[in-house]
Structures are given as structure tokens and as C-alpha cells.
Amino acid sequence: MESFHEVFELVSEYCKGEISEVAHKVWIKDIEPLKLEGSTAYLGVKTDFKKKILEERYLGLLATAFENVLGFEVKVEIVCQPDLSPAPEPEAPFLSKPSGNGDYEYTFSTFIIGPSNKFAHAASLAVAANPASTYNPLFIYGASGLGKTHLLYAICNEIQKNSPQKKIIYAKGEEFTNELINAIATQTTKEFHDKYRMADVLLVDDIQFIGGKESTQEEFFHTFNTLYQAGKQIVLTSDRPPKEIKTLEDRLRTRFEWGLLADIQPPDFETRIAIIRRKAQLLGSTMPDEVAEYIANRLKNNIRQLEGAVKKIIAYEELAHTPPSILIAQNAIRDILNDNQPIPVTVERIISEVSRTYSVSAQDIRSNKRSAQISSARQIAIYIVREITQMSMSAIGEEFGGRDHSTIVYAIQQVEKNMQHDSVYKETIEDIIKNIRNN
Ligand SMILES: Nc1ncnc2c1ncn2[C@@H]1O[C@H](COP(=O)(O)OP(=O)(O)OP(=O)(O)O)[C@@H](O)[C@H]1O
């Protein structure tokens, strides 16, 4: 029989499907499976409070999960043992420990190399082998779903494997921003500084999201300098190169360009085929050549989509006992393309991005106030709404304080005119549109 730990892993997995991710993380994930004696499972927790909550709310779920996994009825006993197994302090904590996507780990060995990504791959390998001594910072950029996060995690995993004592901190640009805002609100900015500035390796995914946010950029600037001067490695990813993140301050842009910029392009046909085959293999199956070619000819720009198609086809194979065929691939691809329809952008989202960029409140943008700064931000918001939504002029007017059709047309013409004469103005608007679309 498998060890009780393994049994409990399956129990925990079962529970995960039944309750929210947060509840699972808080109440179930950290349970210490102690022993199975007869048909009683003893589960350890660190505090009386946890024991109480588990007993009140989750005993039934745990019992059902055990029964499901083991095939017989199990009585669950929660034991509070604060001293017997104190929570070990991790040696080198990740902020949010990156691993993989559930099917496989994001490591160098699961990354397929082709002409489109070999430069970024080689640079990542070099950084992982010798942090802070080759390329610093390493800045990886490319469109969505092409493997930036995979490479970032691979660097993390490799450094952690070779030097477990190193403190690796991983965050998304958005998380860095939100954490800072929380720290400011709760007056814990010192803890925030300490946390990031103690890193031996700092990896920030989707750094473009700090663009336009003044205090975040300020904070990141100091974090960057502190780490860089102390000889620590920094790795950043973005959907575009630094010079195209128009709302990024120059002092950050130049720093991001100090090290190495490595781009990732969409994979060519051979690489797409290799990826399809490898994904099928990782899922314990094989993809017939004609099906692999069929997929590779239709999904060209996004590896996440290729992977999604392979997963669907193999799930179908397992559930319906039907081998992969072009017909099944056709359905899978149709589903993937439908699933990936962009979420419609709301006026609220546009206004909030404009408000952030020009430091004008969303309320003022929607109002009738006429100061130059507010009017200009409002005109830009109107222009962007017209550019990227299907709304009619009068519906847009409604959103912006009940303005009439001609006022909206006037605002759009003003912006178009300004864009022709002022390249910074134009690029900032393009940047805002990219952020809205990519979020
Ligand atoms: N070269 C590759 N070999 C194997 N798998 C890959 C490769 N590139 C991407 N993938 C897989 O494709 C999926 C999407 O990749 P990833 O999340 O790294 O993309 P991304 O560039 O970070 O996208 P986004 O900007 O949307 O976050 C992942 O599951 C990843 O493992």
C-alpha cells in the first residue's frame, strides 16, 4: 500500500475539487497526515483554531475524500500538535513558489528549443548557471503564450537546485504593484522593502504593468539599484521591449537595457511539431503525424494554444477511448479559438487605465469639469473607447456625463489631431491601449 502521505495527497486533491482554492490553501493543504490506524485517519494541525475549524466545517469532506481514495469508510481525527512538528522555516523562500502548470514542471528540460526562442533560452541558461555574472538584468520579451514565464521558472528551478541557500523572489508586475499599495495603506513599507531587497535573485514577470504607476516605479527603481549594486541577479519579462513601454520612466528603461534583451518569436513549423509531440508525450500519449501537422498548420502564434489542443485531444482519447484524429483535432481547435476570444473591454477598465496614466480621477474623467488636464484625459478616454469597443457615439456620450454626439466626435478629432503632431502623446495612448488589451 502507498504511504499515508501519498494517500493524503490524493485526499487533498479531492478536496481541492470540492471547495474554493483559498479555503483549500488555508485549511487543507498544510495538514500533516500522521497515521492511519485501522480505519481511523489521524491528521495533525498546528493550532487549536485550525483544529476547531476543520472539525466544524471540513470533517465530512475529509471523510468523503478518504472513502473515495481508499474505498472504505474512514473516521477522521484531528490532532493539534504545535510542538511536535513546528513549521520549518524554508531556507530560501520563494514569494510565490513557481513550479509548472500541473502537468509538468517548467524547467529547461521541458522547454523545446527552436530558432524562435534559442537566444532567450541560451541567455536564461547562462544566467541560471552563473547568476549575476553574465547578463544583468536579463530582459525577456515576446507576445503572450510563447514561453517567457516558462523560462523564468526554469531559471528559478535551476538556481534553486544548484544553490538552495539563495533567496529567490518571484513576483508578477501586477503583484508587486498591489503589494506595494497594500504596504503603503497598512504602513508596512519597511517590510516590503526588506522582503524584496534581501533577494539574491529577483524575477519579475510582466514588468510592463508597473508602467505609468508612479510610486511603484519609484519603489522598483530603488529595489533595482539596491540589488544591482549588491551584485544580485535580476530577470524581467514583458510583452514588449523596454523602449516600447511608453509609460515607463526613462531611468527604469535605461536600466532594463543595461544587461541583455532577449526576444521570443512565434515558433516555426518544425518547432510547433516538436512541441506538440513533446506535450503529448508528457501527457503519456503520442500524436499521429497527420494530426500533429494539422494542428501545427492552424495554431501558429501561441504555444499555450498548441498545448491546449493537445490536452483536449488526449483527454478525449482517454475518456471516449477514441484515438486522435483530424476530426477530433478540428473540434479541439475550434474550442480553443472560441475559448480565446478576448474578454470585451469595459468603459470602466479604459477609464481606470487613463486615470492611472494621467493622474486624473475616474470620477473627474466622467464629470463635466473643464480644467485642461481633466479635459485632455477625458478626450483620450473617449478616443480609446471608440477605438476598441463597438459602442455608438451616443452610448459613449452617456458614459461621459451625458455628452451629445457632436461633443464626442469633437473629442475624437482633437485626439487624432494631437496624435499627428505629438509623438509622445501618440505613443502613450498606444501604450494604454496595449495595457488594456493585454490585461
Ligand atoms: N519552447 C517551449 N517548449 C515547451 N513548452 C512551451 C514552450 N514555450 C511555451 N511553452 C508552454 O506554453 C505555455 C505558455 O507559456 P508561458 O506561460 O511561459 O507564456 P508567456 O510568454 O509567459 O505568456 P503570457 O505573456 O501570456 O504570460 C506554458 O504551458 C509553457 O510551458
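**Backbone features, a helix pair and the ligand site**

In the loop that runs between helix H4 (118-129) and strand S4 (138-142) lies Pro-137. The structure described here is a predicted model. The peptide bond that joins Asn-136 and Pro-137 is cis, with omega at about -5°. A second backbone feature concerns Asp-206, a residue other than glycine, whose phi has a positive value near 60°. Asp-206 is located in the loop between strand S6 (201-205) and helix H8. Both features can be set against the general pattern. Most peptide bonds are trans, and most residues other than glycine have a negative phi.

Helix H8, which comprises residues 214-229, is paired with helix H6, which comprises residues 173-185. The axes of H6 and H8 come within 10 Å and cross at roughly 100°. An angle of 65 to 115 degrees counts as roughly perpendicular, and H6 and H8 are therefore roughly perpendicular to each other. On the H6 side, the contact is made by Phe-176, Thr-177, Leu-180 and Ile-184. On the H8 side, Ser-215, Thr-216, Glu-219, Phe-220 and Thr-223 take part. By residue class, the contact of H6 with H8 consists of 4 nonpolar, 4 polar and 1 charged residues.

The ligand is surrounded by 19 residues, of which Tyr-104, Ser-144, Thr-149, His-150 and Glu-307 come nearest. The residues of this shell divide into 7 nonpolar, 8 polar and 4 charged. Two helices, H5 (148-162) and H12 (303-320), each supply at least two residues of the shell.

Polar side-chain atoms of several residues lie at short range from the ligand, and three pairs are given here. For Thr-149, a polar side-chain atom lies 2.6 Å from an oxygen atom of the ligand. For Glu-307, the distance between a polar side-chain atom and an oxygen atom of the ligand is 2.6 Å. For Lys-279, a polar side-chain atom lies 2.7 Å from a nitrogen atom of the ligand. On its own, the ligand has 630 Å² of accessible area, and the protein covers 93% of this area.

Key: Residues numbered from 1 in each chain as written. Predicted model: local features only at pLDDT ≥ 70, side-chain atom pairs only at ≥ 80, totals over all residues. Heavy atoms only, no water. Near = heavy atom within 4 Å. Polar contact = N/O pair within 3.5 Å; in protein donor to acceptor, adjacent residues only side chain to side chain. Areas by Shrake-Rupley, 256 points an atom, 1.4 Å probe, with all protein chains shown as cover. Helix = DSSP H or I, 4+ residues; strand = E, 2+ residues; numbered from the N terminus. Nonpolar A, V, L, I, M, F, W, Y, C, P; charged D, E, K, R; others polar. Axes fitted to C-alpha atoms, helices over the stretch in contact; angles between N-to-C directions. Parallel < 35°, antiparallel > 145°, perpendicular 65-115°, else oblique. Contact = heavy atoms within 4.5 Å.
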